[in-house]
Amino acid sequence: QTLAGLSSYYCFTNSSSTRFRREVAVLAEKHPSVNLYLVALAYEIFSVKGSEQRVRHLFETALSTDGFKGVVILWRVYMAWELQQGQNHSENAEAARRVFFRAIHICPWSKQLWLDGLRSLGSVLSPREMGELLDIMREKELRIRTDVYEILLQEAEEEELSENAVD
């Protein structure tokens, strides 16, 4: 069976989710591919509303497969999914943070991964962490556009907070 045939058959028929999961597992064992895992993840997330544990396990399985650890799209989707779950539970926002740090450790060259994390985790990361991450990006020569005025305002706010803390 081809991946396209498998996904179209199961996503658009009333086939059992157990059978689909079994077929995906067999295909993944014989011919692992990023696309296969993305189809399986889409099925779990959008079609059958799989449990958090099942979806998380599928992400971890995909990322532990030989050669897929450095696939940026898997990390980006994983982080986005954790953030979506985090809207309901604060511990999932922390899980998204952990996924982000794992991802940038494994794929430090991916500017898009860094930017996704910095944009979406702004409420989870402290200003100090954000500054440190931006410094690391500069060290890795990943260029970003920032407004100097915003940086000066942020530094002034940090100084004001530190002065208030001392008083």
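Where in the chain is the place of E141? In this predicted model, in which local features need pLDDT of at least 70, side-chain atom pairs count only at pLDDT 80 or more, and totals for chains, interfaces and linings use all residues, E141 falls in the loop between α8 (127-139) and α9. Residues are numbered from 1 along each chain as its sequence is written, and side-chain values use heavy atoms, with hydrogens and water left out. E141 has a positive phi of about 60° although it is not a glycine, and its relative accessible area of 59% makes E141 exposed, where exposed stands for over 50% relative accessible area, buried for under 20% and partly exposed for values in between (1.4 Å probe, protein chains only).

The secondary structure of the protein consists of nine helices and zero strands, helices (H or I, at least four residues) and strands (E, at least two) being DSSP runs numbered from the N terminus. The order of elements from the N terminus on is accordingly α-α-α-α-α-α-α-α-α. Of the 167 residues in the protein, 34% are buried.

Aromatic contacts were assigned by ring geometry: rings of Phe, Tyr and Trp (its six-membered ring) pair if their centres lie within 6.5 Å, and planes under 30 degrees apart count as stacked, over 60 as edge-to-face and the rest as tilted. By this rule there are five aromatic pairs. In one of them, the ring centres of Y37 and F68 are 6.1 Å apart and the planes stand at 80°, so the pair is edge-to-face. Because Y37 belongs to helix α3 (residues 34-47) and F68 to the loop between α4 (52-64) and α5 (72-86), this pair ties together parts that are 31 residues apart in sequence. Both partners are buried, Y37 with a relative accessible area of 5% and F68 with one of 11%.

A second pair, that of F59 and Y78, has ring centres 4.4 Å apart and planes at 10°, so this pair is stacked. The contact links distant parts of the chain, with F59 in helix α4 and Y78 in helix α5, 19 residues apart. F59 is buried at a relative accessible area of 0%, and Y78 is likewise buried, at 2%. Together with W81, F59 and Y78 form one aromatic cluster.

Side chains of opposite charge can pair when their charged atoms come close. With a salt bridge taken as a side-chain nitrogen of Lys or Arg within 4 Å of a carboxyl oxygen of Asp or Glu, a search of the whole structure finds nine salt bridges. One of these joins the side chains of E44 and R54, at 3.9 Å from N to O. This pair, too, links distant parts of the chain, E44 lying in helix α3 and R54 in helix α4, 10 residues apart. E44 is buried, with a relative accessible area of 3%, whereas R54 counts as partly exposed at 38% relative accessibility.

R97 takes part in salt bridges with E94 and with E129. For the bridge to E94, the closest N and O atoms are 3.2 Å apart, and both residues lie in helix α6 (residues 90-106), three residues apart, or about one turn of the helix. R97 is buried, with a relative accessible area of 18%, while E94 is partly exposed, at 31%. For the bridge to E129, the closest N and O atoms are 2.0 Å apart. This second contact links distant parts of the chain, R97 being in helix α6 and E129 in helix α8, 32 residues apart, and E129 is buried, as is R97. Elsewhere, E52, R56 and E82 are linked in a network of salt bridges.

On the surface, E157, E158, E159, E160 and E163 gather in a patch of negative charge. Patches are made of residues with over 30% relative accessible area and no salt bridge, like charges being joined within 9 Å and nonpolar side chains (Val, Leu, Ile, Met, Phe, Trp, Tyr) within 5 Å. Lys and Arg count as positive and Asp and Glu as negative, with His and the chain ends not counted; the place of a charge is taken as NZ of Lys, CZ of Arg, CG of Asp or CD of Glu. Accessible areas come from the Shrake-Rupley method with a 1.4 Å probe, and for residues only the protein chains shown count as cover. Within this patch, E163 is located in helix α9 (residues 148-166) and is exposed, with a relative accessible area of 51%.
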